[in-house]
Amino acid sequence: MSGKKKVLIVDDDHDTLDILEVFLFRRYDVSTALNGFEGLSKAQDLLPHLILTDIMMPVMDGIKFINNLRRNPETKSIPAIAVTSFTEKHSSRSLLNIGFTDVITKPFTQEDVKTAVEGILNPQAK
């Protein structure tokens, strides 16, 4: 077991998964899932310290995913960041009201991801 904090990335786009994983793998133990259903299963198994998830995905979208996550006593307190383009129907405020901890807007930079992730996992580093 590495001592690194665990981060789960849930996105149906392989490029986005790869980019986020590259941004985070040196500092965190990163796992990935291709949809909310797979992400929910991995979240329950891994109990990660943080989840980054897309909103628009097949099988189970990010909204259903976060709702299911928040209903489960074991996963309800895991911080989750929505990674989304605001061409979708949800605003940043509505995503925070649904249960997300933060929002990263696509297209994002490495600094955007680092700032959001560090702000949640290492708030004392600010």
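What follows is a conversation between a student and a tutor about reading this predicted model.

Student: Let's start with the overall layout. How many helices and strands does the protein chain have?

Tutor: Before anything else, keep in mind that we're looking at a predicted model. The chain has 5 helices and 5 strands. Walking from the N terminus, you meet them in the order β-α-β-α-β-α-β-α-β-α.

Student: And how compact is the protein chain for its 126 residues?

Tutor: Look at the radius of gyration. For the protein chain it is 13 Å, close to the 14 Å that the globule rule gives for 126 residues, so the chain is as compact as a globular protein of that length. If you'd rather picture a box, the C-alpha atoms fill one of roughly 35 × 30 × 30 Å along the principal axes.

Student: What share of the residues counts as buried?

Tutor: Of the 126 residues, 45% do. As for the outside, the chain exposes about 6,800 Å², and carbon and sulfur atoms supply 52% of that area.

Student: How do I read contacts along the chain? Which share of them joins residues at least 24 apart?

Tutor: Take the contacts between residues at least 6 apart in sequence: 57% of these join residues at least 24 apart. We'll meet a few such pairs in a moment.

Student: What about charges? How far apart are the mean positions of the positive and negative ones?

Tutor: There are 15 positive and 17 negative charges, and their mean positions are 8 Å apart.

Student: Now a single strand. Is β4 mostly covered or mostly open?

Tutor: Start with the general idea: in a regular strand the side chains alternate between the two faces of the sheet. Now the case here. Strand β4 covers residues 80-84, and 5 of its 5 residues are buried. On one side sit A80, A82 and T84, on the other I81 and V83, and both faces are covered.

Student: In which sense do β3 and β4 pair?

Tutor: Parallel. Strand β3, residues 50-54, pairs with β4 over 4 bridges. One partnership to find on screen is D54 with V83 of β4.

Student: I'd like to follow a charged residue. Where is K6, and is K6 buried or exposed?

Tutor: K6 is in strand β1, residues 6-10. Burial is judged by relative accessible area, with under 20% as the cut-off. K6 has 18% relative accessibility, so K6 counts as buried. Leaving out residues up to four places away in sequence, K6 touches D29, L46, L47, P48, H49 and L50. The pair K6 and L46 is a good one to look at: 40 residues apart in sequence, yet 7.9 Å apart C-alpha to C-alpha.

Student: Which residues does D11 touch, and how buried is D11?

Tutor: D11 belongs to the loop between β1 and α1. With a relative accessible area of 1%, D11 is buried. Its contacts beyond four places in sequence are T16, L17, A33, L34, D54, M57 and K106. You can also compare D11 with D61: they are 50 residues apart along the chain, and their C-alpha atoms are separated by 9.3 Å.

Student: K106 came up there. What kind of peptide bond joins K106 and P107?

Tutor: A cis one, with omega about -5 degrees. P107 itself lies in the loop between β5 and α5.

Student: What should I notice about the backbone angle phi of L47 and V59?

Tutor: Check the sign, then ask whether the residue is a glycine. L47 is not a glycine, and its phi is positive, near 45 degrees. L47 sits in the loop between α2 and β3 and is partly exposed at 39% relative accessibility. V59 isn't a glycine either, and its phi is about 70 degrees, again positive. You'll find V59 in the loop between β3 and α3, where V59 counts as exposed at 68% relative accessibility.

Student: One last residue. Where is R27, and which residues does R27 touch?

Tutor: R27 is in the loop between α1 and β2, and its relative accessible area of 49% makes it partly exposed. Apart from residues up to four places away in sequence, R27 touches K4, E118 and N122. R27 and K4 are 23 residues apart along the chain, while 6.8 Å separates their C-alpha atoms.

Technical notes. Residues are numbered from 1 along each chain as its sequence is written. This is a predicted model: local features need pLDDT of at least 70, side-chain atom pairs count only at pLDDT 80 or more; totals for chains, interfaces and linings use all residues. Side-chain values use heavy atoms; hydrogens and water are left out. Helices (H or I, at least four residues) and strands (E, at least two) are DSSP runs, numbered from the N terminus. The radius of gyration is taken over C-alpha atoms; the globule rule is 2.2 Å times the number of residues to the power 0.38. Buried means under 20% relative accessible area, exposed over 50%, partly exposed in between (1.4 Å probe, protein chains only). Contact means heavy atoms within 4.5 Å. Accessible areas come from the Shrake-Rupley method with a 1.4 Å probe; for residues, only the protein chains shown count as cover. Lys and Arg count as positive and Asp and Glu as negative; His and the chain ends are not counted. The place of a charge is taken as NZ of Lys, CZ of Arg, CG of Asp or CD of Glu. Two strands pair if DSSP finds at least two bridges between them.
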